[in-house]
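The following exercises concern a structure that is shown below. Each task is followed by a solution in steps.

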Amino acid sequence: MTTPLGKDLVGLEHLSRAQIQLLLDTAEPFKEISERAIKKVPTLRGKTIVNLFFEASTRTRVSFEFAEKRLSADTVNVAASGSSVSKGETLVDTARNLEAMRIDMVVIRHGSSGAARFLGERIESNVINAGDGTHEHPTQGLLDMLTLRDNLRRLDGIRVCICGDVLHSRVARSNIWGLRTMGAEVAVCGPRSLLPSAIGEMGVTVFDRIEQAIEWADALNILRLQLERMSAGYIPSLREYNRVFGVTLERLDRAPRELLILHPGPMNRGVEIDSNVADGPHSVILDQVTNGVAVRMAVLYLLAGGRADLAEAAQRAGDDR
Amino acid sequence: MSAPRPVLLAGGRIVDPSQQLDAIGDVLVEDGKVTRAGGKIAGPEGARRVDCSGKVVSPGFVDVHCHLREPGREDVETIASGARAAAAGGFTAVCAMPNTDPVTDNQAAVGFIIRQAQLAGAARVYPIGAISVGQRGEAMAEMGEMIGAGAVAVSDDGKPVVSAHLMRTTLEYARNFGIPVADHCEEPTLAAGGAMNEGIVSARLGLKGIPGEAEEIMVIRDILLARLTGGHVHLCHMSTRGSVELIRWGKDRGINVTAEVCPHHLHLTEEAVGQYNTNAKMNPPLRTAADVEALQQAVKDGTIDVIATDHAPHHYDEKEREFADAPNGIVGLETALAVVNTALVASRIISVHDLVNRMSVLPARIFHLPGGTLRAGAPADVTVFDPAEAWTVDATRFRTKGRNSPWSGRELTGRVHLTLVRGAVAHELAG
């Protein structure tokens with residue numbers, strides 16, 4: 001089935017401004033459903049969705065599962081451990097077997113870049129990328145943009161700095177492509193050893209010092225520092241990382257304007273972000289989590305063939321119950 | 001084997017850089033040898049006359065770098081299927097790399113390959129022995145015995161020789177036997193985990209990149225070790241502009257270095273990876289347009305001596321995987337002429353004469369192999385090809401068992417029509 005998004009959502013790099021706008025606008029009416037006493041609408045009743053997670057994930061998997069259940073889809077969670085995958089089955093065989101059971105959608109999280117696209121090219125079901133290797137995490141990018149738009153009332157012209165391990169971050173890539181498409185100015189700041197060497201060709205500004213980033217930005221999206229980066233020789237120590245690149249209240253106090261603080265989680269408190277920043281007035285980190293459910297409902301809805309102008313009607317249908 | 005019927009290759013453009021020959025004329029093959037090349041020849045009684053008008057008649061191509069997978073992965077390629085694929089690509093001789101299972105690191109293993117090649121017929125197959133036992137990069141393998149059994153060079157290809165000491169002693173020891181030491185240049189800590197060229201495409205796709213410097217560091221190391229030892233280092237599958245500059249530096253100083261480039265590195269860039277196309281994954285990876293241009297110029301000016309395929313068949317379902325997990329390598333024997341001709345000759349960067357020089361004459365000379373010439377008395381290893389014929393590559397029709405080609409479905413120009421090995425037809429295009 002062709003939808004305004006195509007069959008699959010594998011990344012934000014190749015989406016148009018109109019498509020991203022549609023996704024964000026479609027998410028708006030879905031926000032309210034999660035605020036109800038009875039958090040359910042029948043929109044995807046009868047649809048079967050498999051959440052295929054080859055990597056451990058709590059937040060993203062639960063968020064997708066809530067989104068699916070609140071739209072009344074039937075869902076199955078498949079974790080790589082405890083499935084035939086751990087017995088050496090290939091990704092394509094796993095997918096074909098699932099599809100042979102007649103499913104409608106697959107939400108996939110996988111450690112290899114390109115895995116979601118690979119799957120989408122080989123099965124008929126809609127495929128939604130819930131994070132593939134160090135490539136993209138499109139629903140995270142969308143929920144970050146929705147949160148920024150909620151707070152700054154626009155995306156066009158805002159300045160967002162992505163801080164930390166851009167090299168290994170799928171969140172960073174989805175943010176860079178999505179925000180640039182929507183007209184935002186994007187910068188990155190982090191150890192040069194954790195930036196792609198071709199960062200200069202990605203259309204972003206590079207700040208070497210976190211102080212420069214804070215002075216420039218309207219919002220910081222602070223990436224999680226994977227703790228194994230130290231043993232792999234990318235940075236000297238977590239302690240030094242916090243001293244040089246950590247976002248601290250002291251540093252934020254010198255900002256010329258109010259900054260929004262985003263973090264995709266899970267946080268390393270005291271490494272990339274100090275607790276009093278994470279829990280402070282600048283932080284919209286929990287708003288991101290809330291918006292994640294609405295954004296994922298919008299993605300599911302649109303890929304299932306839902307029309308954006310009917311999203312509100314779908315919402316009202318819930319009221320009629 | 002009885003002597004094949006004489007063959008008169010009539011009216012083709014004879015291109016033989018070994019004797020500065022480039023003229024329309026006939027080539028006569030008798031008793032497995034070239035008896036005359038050039039001018040108008042009246043065929044002897046009973047000779048088969050092949051009309052070669054409009055085509056090029058050249059000494060057979062020689063590939064100094066391919067992977068025939070036997071022993072160990074006969075499901076992917078055998079010496080017989082590889083030798084047939086070679087002949088179909090106009091190659092009359094190929095050198096088989098030793099990264100088989102078990103590794104070709106002793107005289108018995110070398111002898112096995114020689115025997116399988118004799119049984120296969122088709123193109124000649126010359127074994128390359130391993131530099132180190134088990135290609136582990138530690139103890140030197142028994143080079144003298146392997147050469148005695150028929151090996152023509154040594155290499156740990158597929159793996160770099162990490163130890164500079166081992167590379168040094170190998171270059172020294174190889175001098176006793178007068179053979180080249182072929183090295184796969186890759187600094188392993190820089191290249192670790194890499195799946196494609198490091199650059200904007202790898203950054204976009206979220207794939208770990210391999211910087212060109214991983215190759216270049218080993219290129220200059222090897223050149224310096226060749227200077228130190230006087231040994232002949234042959235640099236495999238060069239892929240970067242920087243490597244070209246370093247080789248030029250070495251050659252300018254008279255250092256005994258030769259180098260090869262693969263057809264794919266002369267024709268495709270990292271953009272061919274597209275959206276995780278595993279048939280564009282090989283090591284070294286496809287690089288940038290600037291690298292391709294530098295390599296093309298290096299073929300033209302001779303900084304790069306020879307073109308070699310690095311033919312590397314894989315089973316289709318090994319390539320049908322997540323990009324990072326798919327094996328490196330593409331098949332190349334049956335597309336080499338067409339790719340080089342399309343990338344370099346049709347675009348007027350080099351002449352057909354240069355192409356034959358770098359695909360036949362010089363590979364034979366550098367690796368001290370028979371062939372690479374149509375002089376009277378030389379073995380009748382001959383290739384007839386049409387440099388103007390366009391055709392669409394269809395991997396399902398390959399003689400190799402591999403289907404992993406980035407050119408499948410693409411139109412290329414230049415097609416092999418006839419391959420003679422020892423005067424016998426090893427390949428003939430139908431129709």
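**Exercise 1. State how chain B is divided into domains, and describe the contact between them.**

Solution. The domain assignment, which is automatic or taken from a database, divides chain B into domain 1 (7–57 + 379–428) and domain 2 (60–366). The model is a predicted one, in which local features need pLDDT of at least 70 and side-chain atom pairs count only at pLDDT 80 or more, while totals for chains, interfaces and linings use all residues. Residues are numbered from 1 along each chain as its sequence is written, and chains are lettered from A and ligands numbered from 1 in the order in which they are written.

Step 1. The centres of domain 1 and domain 2 of chain B, taken over C-alpha atoms, are separated by 25 Å.

Step 2. Domain 1 of chain B brings 30 residues to the contact and domain 2 of chain B brings 44 residues; two residues are in contact if their C-beta atoms, placed from the backbone, lie within 7 Å.

Step 3. On the side of domain 1 of chain B that touches domain 2 of chain B, the elements giving two or more residues are strand S16 (382–392), strand S17 (411–421) and strand S18 (424–428) of chain B. Helices (H or I, at least four residues) and strands (E, at least two) are DSSP runs, numbered from the N terminus. S17(B) supplies the largest share of that side, seven residues.

Step 4. This side of domain 1 of chain B holds 14 nonpolar, ten polar and six charged residues. Here Ala, Val, Leu, Ile, Met, Phe, Trp, Tyr, Cys and Pro count as nonpolar, Asp, Glu, Lys and Arg as charged, and the others, Gly among them, as polar.

**Exercise 2. Describe the overall build of chain B.**

Solution. Step 1. Chain B contains 13 helices and 18 strands.

Step 2. The C-alpha atoms of chain B fill a box of roughly 65 × 45 × 45 Å along the principal axes.

Step 3. Of the 431 residues of chain B, 61% count as buried; a residue is buried if 20 or more other C-beta atoms lie within 10 Å of its own, exposed if 12 or fewer, and partly exposed in between, with C-beta atoms placed from the backbone.

Step 4. Among contacts in chain B between residues at least 6 apart in sequence, 75% join residues at least 24 apart.

**Exercise 3. Locate the largest nonpolar core.**

Solution. Step 1. A nonpolar core is a set of buried Ala, Val, Leu, Ile, Met, Phe, Trp, Tyr and Cys residues joined through C-beta atoms within 7 Å. The largest core has 123 residues, and those touching the most other members include Val27(B), Cys95(B) and Val154(B).

Step 2. Helix H12 (residues 336–345) of chain B gives the largest share of this core, eight residues.

Step 3. Domain 1 and domain 2 of chain B both give residues to this core, so it lies between them.

Step 4. Beyond its neighbours within four places in sequence, Val154(B) is in contact with residues including Ile128(B), Met143(B), Ala174(B) and Val181(B).

**Exercise 4. Describe the two domains of chain A.**

Solution. Step 1. Chain A is assigned domain 1 (17–136 + 292–320) and domain 2 (138–287), and 26 Å separate their centres, taken over C-alpha atoms.

Step 2. In the contact, 18 residues of domain 1 of chain A meet 16 residues of domain 2 of chain A.

Step 3. H1(A) gives the most to the side of domain 1 of chain A that touches domain 2 of chain A, with five residues.
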